[in-house]
Amino acid sequence: MAHGSKTPASSTQAPPITAGTAYNIDENTPALFRPLRIRAVSLRNRICVSPMCLYSTASFGPLTGVMTPLYITTIGHNVFKGAALAMIEATGVQANGRITPHCPGLWNDAQQQGLKPIVDFIHSQGGLCGVQLSHAGRKASTQPPLVAQQLGKSSARASKDDGGWPDDVRGPSGGVEQSWDGRGLDPSGGYHVPKGLTELEIRELVVSFAEAAKRAVKAGIDVVEIHAAHGYLINQFLSPVTNRRTDRYGGSFENRIRLLLEVIGAVRAVVPASMPVFVRVSATDWLEHTEVGRSLGTWTEESTIQLARLLPDLGVDLIDISSGGNHHQAQYDVFNGGEKHTAIALKVKQVLKAEGSELQVGTVGLITEAKQARDLVQGGLTGGPGVDIISVGRQFLREPDWVLKVASELGVDVAWPVQLQRLRPGPPSRI
């Protein structure tokens, strides 16, 4: 498929009722399979595809950072089988904001054109497509995990020969002590030494987020998510353990959240009023019980709740709860902390609802079972309010038909893709 071409809906045989949509909704239908409206956007159920890095774009030449049809066969396939919203992985708003040289970007026309066929396909299947706008900060210019594993490392630096930018890795603070793994210039290290951003560069960064959001809108994106989690740049600004600045972007809580608030304002100003804006956060650094956390300070669940209270007035519609990724000495990392995310998200939702906040809450992390997913949205795990959406990542890689499987296990009659009707269990096809 050529970049920028349109996918006619007729060529995909979209059914009259799209996969993953409940045929009948009554008092027995789990909230997981009830539609959700956020601004002018309607999700057919509450199951979303979490942004997952594929590390599969070109690292050199005119197609650098341009998404390929591979994205249709991966995240698009999950929408084909019933997911309501597919979020495209961390997408760099600047060239030096990518995690690896093989990560997508959205800073030029070719990248915008490469995004459009993916959006068109997802729309043809009745789904929604979001993009996670990101800057990797001090975690940028690394090798894709597979390359690092071949080198016997958990992370490996990307050199200029690899398409990397070792001399242009940026963070809120610079210096050898600010390399993510603490190894500085040691050849065994897996991360580059960052340089601290100037205030002028911060202003340029905010503009870059807005420009990327404009491109996303032109490509037909339904939701924009701002990536403020997993130890990437905005997360680095939020946490005192990584933000050692002494200017208006460092020190106090109000100063450390300033960059995020400016990015939110810039993005909200350029996307339609009808378009939802999400923010993904690491709800905690998992450093409260470590020496570095005690000595330098850290970002905690309480910090996240304090931030969440501010978001509705800024035009943010949903806070997406994850955790970790900001320091190598953390008690949990992004992956093994997954089972903790959901409990934190339910706590955040309970606090916000008790205060009358309309901010919606989503979560991600080791969501694999039907009853678990149902109870997260119903609130059955705690007896309090449930989250509004769930994001599923690795389970979709194992089971692309996970939505259909969950519906079957919960006894919910949902539509299947028209092309797969012969495989549909139960009564004869409705189509």
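Let me start with strand β10, residues 318–322, which pairs with strand β11 in the parallel sense over 4 bridges, and I should say at once that we are looking at a predicted model. If you want one position to find on the screen, take Asp320, whose bridge partner in β11 is Gly362. Between these two strands the chain passes through helix α10, residues 338–354, and this β-α-β crossover from β10 to β11 is right-handed.

Now, what does β11 pair with besides β10? Strand β12, residues 389–392, also pairs with β11 in the parallel sense, this time over 3 bridges, and here you can look for Thr363, which stands opposite Ile390 in β12.

Is β11 itself, residues 360–364, mostly covered or mostly open? It is mostly covered, since 5 of its 5 residues are buried. If we go through the strand face by face, Gln360, Gly362 and Val364 lie on one side, Val361 and Thr363 lie on the other, and all of them are buried, so that both faces are covered.

Let me return to helix α10, and to its neighbour in this part of the talk, helix α9, residues 301–308, because two packed helices are described by the angle between their axes and the distance between the axes. The axes of α9 and α10 come within 11 Å and cross at roughly 40°, which makes α9 oblique to α10. Their crossing is right-handed. As for which residues make the contact, α9 contributes Glu301, Glu302, Ile305 and Ala308, while α10 contributes Ile344, Lys347, Val348, Val351 and Leu352.

Conventions. Residues are numbered from 1 along each chain as its sequence is written. This is a predicted model: local features need pLDDT of at least 70, side-chain atom pairs count only at pLDDT 80 or more; totals for chains, interfaces and linings use all residues. Side-chain values use heavy atoms; hydrogens and water are left out. Buried means under 20% relative accessible area, exposed over 50%, partly exposed in between (1.4 Å probe, protein chains only). Two strands pair if DSSP finds at least two bridges between them. A crossover is right-handed if, with the strands pointing away from the viewer, the path from the first strand over the helix to the second runs clockwise. Axes are lines fitted to C-alpha atoms, for helices over the stretch in contact, and angles run from 0 to 180 degrees between N-to-C directions. Angles under 35 degrees count as roughly parallel, over 145 as roughly antiparallel, 65 to 115 as roughly perpendicular and the rest as oblique. A crossing is left-handed if the near helix is turned anticlockwise from the far one by less than a right angle, and right-handed if clockwise. Contact means heavy atoms within 4.5 Å.
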